[in-house]
Amino acid sequence: MTALSERRAAARRARQEQPAPQRTMGKARARREGRAALLFLLPDSLGLLVFVFIPMLLAIGLGFFRLDGFGNLSFVGGANYVRMFQDPQFLQSAGVTAVYLVVLVPAVFVVSLLLALLVQQRIPFIGAIRSALFAPYVISLVVVGLMWQFLLADKVGVVNQLLSGIGIDGISWLGDPKYTLGTVVVISIWFQMGYYMIIFLSGLQDIPGELYESARIDGANAWQRFRSITWPLLRPTSLFVLITVTIAVITGGFDLIYILTGGGPAGSTSLLIYYIYEQAFLFGEYGYAAAIGSVLVLVLLIWSALMFRATKGGRVDDE
């Protein structure tokens, strides 16, 4: 029997041994606390209902209709979903999004964790270093896109000017399909790493220092301490970061793509979120765009459920 099971059994025995009046008072207190919790949750629940769940249901329903920009609405059943998987531009955008996701999520996770381990150390000017790493995240993505557009401009950009000094010329970071997606990935890592660094840092600071001291006394090196203490106890934080990074990657990035590349060149940076924008607001295909958005939400729900199942909700064993 685990320590957690023993504690639960002891708590049950203690409740059973209580006199009847005390148990009655305990139940009444639990009901009062339950009602208070519901009242505190009510405002957020109403906000989620009005601004998330109802629009989501409307979008799913809209996916079964054809709606143009002039108010003409007609039921088409599953035609939008059939069209989706016959649309080469959709399939290209789905492939670009998959590559973007597979590269960016692990990169942000690893870089953020390494930075958190670094800034956890007691080194001079650590507060300034943390602030500098977090600073990009508080800048508007539009400003970030314009800044990097200036830095990466062909021939006259700062980056190309520096590279020409070491004999590297002719790279069009935002105009060559070979480089554009990689460039967007690097900029996205730079933009997001500070935020997730702070989340990892908060998880690291919750780990008791006594565990590390005991491990040092036992002769464990840095890697052994990380593998046996830090990584297992950081599992709930890691699950949260993985899910939030994935959601941010799939549903975000529109501002950056819109400013830097406009989905080009040749569709090399046309993420699904940008393709939805094009179909809805450039071509007036609102029903088709809603169908694509519904599929995107379904993918996110499946991914989150798989993550929770694979990690048991991020719980750490009590043994």
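Which residues make a nonpolar surface patch of about 1100 Å²? Here is the list: L39, L42, L46, L48, L49, V50, F51, V52, F53, I54 and L58. Keep that patch in mind. One caution before going on: this is a predicted model.

Let me take F53 from that patch. F53 sits in helix α2. Why does F53 count as partly exposed? Because its relative accessible area is 44%, and the partly exposed class runs between 20% and 50%.

Helix α2 spans residues 20-62. R35 is placed in that helix too. R35 also belongs to a second kind of patch, a positive one. The members there are K27, R31, R32 and R35. So much for the patches.

Now the whole chain. There are 319 residues, and 34% of them count as buried. The secondary structure comes to 14 helices and two strands. Accessible surface totals about 19400 Å². Carbon and sulfur atoms hold 67% of that surface. Now contacts. Take the pairs at least 6 apart in sequence: 67% of those contacts join residues at least 24 apart.

Next, helix α13. That is residues 272-282. Is α13 mostly covered or mostly open? Mostly covered: eight of its eleven residues are buried. The buried ones are L272, Y274, Y275, I276, Y277, E278, Q279 and A280. Note that E278 and Q279 are on that list. After α13 comes G284. Its phi is positive, near 70 degrees.

Step back to the loop before that helix. P265 lies between α12, residues 254-260, and α13. The peptide bond from G264 to P265 is cis. Omega there is near -5 degrees. A266 lies in the loop between α12 and α13 as well. Phi of A266 is near 55 degrees, a positive value in a residue other than glycine. Is A266 buried or exposed? Exposed, because its relative accessible area is 67% and the exposed class starts over 50%. If you check backbone torsions, this loop gives you a cis peptide bond at G264 to P265 and a positive phi at A266.

There is another positive phi to look at. F125 is not a glycine, and its phi is near 60 degrees. Where is F125? In the loop between α4, residues 88-119, and α5, residues 126-134. F125 counts as exposed because its relative accessible area reaches 69%, and the exposed class needs over 50%.

Last stop, Q161. This residue is in helix α7, residues 158-164. Q161 counts as partly exposed because its relative accessibility is 46%, which falls between the 20% and 50% limits. What does Q161 touch, leaving aside residues up to four places away in sequence? K155 and V156. There is a C-alpha distance to note as well. Q161 and L151 are ten residues apart along the chain. Their C-alpha atoms are separated by 9.4 Å.

To recap. Helix α2 holds F53 and R35. F53 is part of the nonpolar patch, and R35 is part of the positive one. Helix α13 is mostly covered. The loop between α12 and α13 holds P265 and A266.

Definitions and conventions
Residues are numbered from 1 along each chain as its sequence is written. This is a predicted model: local features need pLDDT of at least 70, side-chain atom pairs count only at pLDDT 80 or more; totals for chains, interfaces and linings use all residues. Side-chain values use heavy atoms; hydrogens and water are left out. Patches are made of residues with over 30% relative accessible area and no salt bridge: like charges are joined within 9 Å, nonpolar side chains (Val, Leu, Ile, Met, Phe, Trp, Tyr) within 5 Å. Accessible areas come from the Shrake-Rupley method with a 1.4 Å probe; for residues, only the protein chains shown count as cover. A salt bridge is a side-chain nitrogen of Lys or Arg within 4 Å of a carboxyl oxygen of Asp or Glu. Lys and Arg count as positive and Asp and Glu as negative; His and the chain ends are not counted. The place of a charge is taken as NZ of Lys, CZ of Arg, CG of Asp or CD of Glu. Helices (H or I, at least four residues) and strands (E, at least two) are DSSP runs, numbered from the N terminus. Buried means under 20% relative accessible area, exposed over 50%, partly exposed in between (1.4 Å probe, protein chains only). Contact means heavy atoms within 4.5 Å.
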